[in-house]
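Work through the exercises below with the sequence and the structure side by side, and try each task before you read its solution.

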Amino acid sequence: MDAEKIRESVIAGSWYPGKPEVLKKDILKYLDRANVSAPKGDLVGLIAPHAGYLYSGGVAAHAYKLLLNQPFDRVLIVAPSHRASFQGASVYKLGGYRTPLGVVPLDREIVDSLLDQSRLVDFLPHAHSQEHSLEIQLPFLQVVLQQFKLTPIVMGDQAYDKCKELAETIATVCRNKRVLLVASSDLSHFHSYEEAQRLDRQVVDRVAAFDAAGLSENLRKGSCEACVGGPMVTVLLAAQQLGATKAQVLSCANSGDVTGDNRSV
């Protein structure tokens, strides 16, 4: 087994507060403000944004508030790579992820199974070293779940066939286990408020229809945008294979809803 090597936070104090007491207080505030009705049935997966908490915290809280009534002790996150270019997907295997709220330990069983069973999944250190999109999900999970094991996957290749292959592998290693799937994705960037709403509505409609293939095709054609769409497509496909039959959109917003500046959201 590899020596334990904790992945240190690279965004504490910038994308979210660096002081644990402030961070927890902010997350509890977002959760308290989120007015959400839990969907019927058993929760399989979530989609949550990965912008700084100032912009995304209110939306993310709608997803994570569901976990107060449906606790999990194992979480698998699929996040996109913003800084590193590579094929396939990378799972961090050296040790847990640290945030100001503590270290989230790895789910060694699932991490090892992914590496053993998939040609698509490898461990590429540079995929995780500076990536914010996975880490930013963790403080919310730490507050609502307190203790859990993590499988951290960063995607490089976003093509539909790669999403499908990764989803099949995830479903295989998670079957008959109670594992929460989380897709980390933002939507369109730097459009007017009206244009962003038009683009984002296409993503929201495809998610609500539980149509992973349609979402991937719309993204490929450029009729809508996401940053980046692969994790959403992958988690939708994996959730279907694990028995999910429907999806529900809980909240959608953009930076204009927070700042009031609608010129480029």
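**Exercise 1.** Determine in which sense strand S3 and strand S7 pair, and over how many bridges.

*Solution.* In this predicted model, begin with strand S3, which covers residues 89–91, and follow its pairing with S7: the two run in the antiparallel sense, and 3 bridges join them. Then look for one facing pair of residues, and you will find that Val91 stands opposite Ile153 in S7.

**Exercise 2.** Determine in which sense strand S2 and S7 pair, and find the bridge partner of Leu76 in S7.

*Solution.* Take strand S2, residues 74–80, and compare its direction with that of S7: the pairing is parallel and extends over 7 bridges. Within this pairing, Leu76 has Thr151 of S7 as its bridge partner. As a last step, consider how well S7 itself is covered: of the 7 residues in this strand, which spans residues 149–155, 6 are buried.

**Exercise 3.** Decide whether Gly102 is buried, partly exposed or exposed, and list which residues it touches when those up to four places away in sequence are not counted.

*Solution.* First locate Gly102, which lies in strand S5, residues 102–104. Its relative accessibility is 25%, and because the partly exposed class lies between the buried limit of under 20% and the exposed limit of over 50%, Gly102 counts as partly exposed. Next, leaving out residues up to four places away in sequence, Gly102 touches Tyr97 and Gln142. Finally, examine Gln142, which is 40 residues from Gly102 along the chain, although the C-alpha atoms of these two residues are separated by 8.4 Å.

Key: Residues numbered from 1 in each chain as written. Predicted model: local features only at pLDDT ≥ 70, side-chain atom pairs only at ≥ 80, totals over all residues. Heavy atoms only, no water. Helix = DSSP H or I, 4+ residues; strand = E, 2+ residues; numbered from the N terminus. Buried < 20%, exposed > 50% of the residue type's maximum accessible area, 1.4 Å probe, protein only. Contact = heavy atoms within 4.5 Å. Pairing = 2+ DSSP bridges.
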